[in-house]
Amino acid sequence: MLEKTGEQCYLNWLSDFIKLENKSKGTNGKVYVDVIVEDELSSKKITVPVSTLTDKYKIKTLSNYDIHVSPTDSMTVAVALKKVLEKMPIHDKNKTLGVVPNVNSELGFSFNGYNSVDAFEIQNDCIDDDDYLEKFNALLEESVPLQFLISATMGAVILTILQEKYNYDLHSYCINIVGSSSTGKTISSQVAASMWTNPTSDKIFSAMLSTTNAALKRLSGRNGVPTFVDEASAVIGNIKAEEYAYQVYEQCEKHRLNSDCSEKESGKWSTVVVMTSEQRFAASTKNQNGGLAVRIHVIDNQKWTVDKNHAESLMKFVRINYGIVGKAFTDCIFSEDIFEELPERYEEAREAITKLCNKHRNDFTDRLCQTYAITLMTAQILKDEIGLDIDIKGVAKILMNHNKYVSKEQNLAFNAYKAIVSYAARNPYCSGIRRETEHKKLTKLIIEESLTADILKRAGFQDVDIAIRKLDESGYLIRQGQGKGLKSKLTIDGTLCWCYQIDLTVME
């Protein structure tokens with residue numbers, strides 16, 4: 001603060017630098033705000049009643065959190081913070097479904113899902129919970145893919161806790177179940193949804209909306225619970241798949257302005273989005289930095305149900321038995337012993353799955369294993385603590401196979417090579433390509449520079465220079481001479497031009 005005394009000005013220190021976020025009404029009716037304190041080495045967040053910041057006497061209690069306010073200027077600081085807080089919107093925590101901050105809990109968080117009127121439903125048509133588990137396990141044990149999906153989606157609550165409580169750098173992501181109408185993909189989603197509530201409830205299961213913004217708005221307020229979207233392929237043409245996946249990963253809507261240029265309140269979430277479709281929601285081979293491979297986990301070639309009878313039995317069962325596992329699981333996770341063990345269990349699971357994925361290690365394996373670990377540890381908790389019949393090794397194998405799939409799909413050099421060779425095969429009389437043979441065997445393609453760029457762009461490669469460099473690094477590109485550049489100067493159809501030489505003798 002600048003004060004003027006006579007002809008001299010003085011700077012007075014008022015308080016440590018703080019940032020205010022997320023003004024919200026708690027379950028007790030009081031209004032709270034998150035206070036962020038950062039320095040060069042660390043960052044911490046505390047949640048305090050608004051009155052703590054706006055009362056000149058109470059504001060001094062911030063020193064209990066190592067936040068210091070000038071004792072002689074506490075009124076000035078309280079008045080300034082009051083003006084800031086008055087402009088902040090109030091979020092009703094009761095509108096958030098899932099993990100919410102709770103100052104009345106020793107853990108600092110609670111699960112808002114089964115303790116209010118407008119919450120998840122529970123119905124058990126069996127004799128008791130043990131009878132439910134016996135009957136459900138008899139159906140579940142026949143499908144390891146279904147066990148995987150339940151583990152991945154139940155893991156949403158652990159994902160959020162690790163983010164919010166333990167500050168892990170984790171993100172929401174999508175699972176795209178791809179398959180024909182006879183593979184049981186829709187039924188598997190409804191079974192996984194039934195772990196939480198009525199599988200037909202719009203709180204957890206919905207159709208993909210017609211625009212990207214509408215689809216993202218649907219996620220707002222989901223904090224530690226999954227979202228199931230059926231037949232996403234029906235609207236792929238209307239949804240910007242890459243934008244949707246990236247925003248899901250960022251966990252908030254894009255910032256937008258009202259007509260008066262004030263900022264609109266953006267929806268936030270922490271979730272796992274499951275999308276069923278007959279074709280891939282997005283082609284990750286077109287994304288050269290692997291972003292989509294990390295953000296959308298494509299799971300295809302899986303038989304989710306054994307046969308028609310198995311599918312019908314599952315559907316009949318989950319329509320009258322739902323919410324039991326979700327309530328038991330969240331009660332278990334929010335018990336003090338398990339809650340405090342989550343970081344240790346996560347690190348153990350991450351180390352285990354990383355070792356299993358090393359055989360097909362790629363540039364994205366470490367990032368993928370951060371997510372895989374949540375699924376694996378959730379599977380173990382569901383088996384040990386809840387009593388679900390989960391094949392842990394089977395779930396791990398599905399995760400390993402996904403990493404293997406990403407390794408192949410994200411082989412940028414081979415994908416670029418395939419695009420060029422395929423184009424040459426489809427266009428045998430193209431004037432921009434010269435073919436060379438040896439012993440009557442085609443060994444080389446010499447392709448004019450701009451045509452090469454056009455082929456790669458049409459195939460979805462956003463940065464041609466990166467693709468060319470990867471071709472060179474992997475041995476698919478022939479240089480004109482040692483130490484020369486990537487391009488060659490050769491004759492095509494009698495014209496000397498810059499071109500690229502593709503070696504057809506190189507095996508993958």
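Just past helix H13, Gly-387 adopts a positive phi of about 100°. This is a predicted model, in which local features need pLDDT of at least 70 and side-chain atom pairs count only at pLDDT 80 or more, while totals for chains, interfaces and linings use all residues. Residues are numbered from 1 along each chain as its sequence is written, and side-chain values use heavy atoms, with hydrogens and water left out.

H13 itself (helices being DSSP runs of H or I with at least four residues, strands runs of E with at least two, numbered from the N terminus) has 22 residues and spans 30 Å from first C-alpha to last, close to the 32 Å expected at 1.5 Å a residue; that expectation is 1.5 Å times one less than the number of residues. There is a bend of about 30° at Thr-371, taken as the angle between axes fitted to the seven residues ending there and the seven starting there.

H13 (residues 365-386) also gives the most to the largest nonpolar core, with 11 residues. That core has 103 residues, and Ile-150, Ile-158, Trp-196, Tyr-244 and Phe-334 have the most contacts inside it. A core here is a set of buried Ala, Val, Leu, Ile, Met, Phe, Trp, Tyr and Cys residues joined through side-chain atoms within 4.5 Å, with buried meaning under 20% relative accessible area (1.4 Å probe, protein chains only). A second, separate core of 27 residues includes Leu-451 and Tyr-476.

As for strands, S8, S7 and S12 line up in that order in an open, mixed sheet (pairing takes at least two DSSP bridges). S7 (residues 97-101) runs antiparallel to S8 over four bridges, with Val-100 opposite Ser-110.

Methods: Buried < 20%, exposed > 50% of the residue type's maximum accessible area, 1.4 Å probe, protein only.
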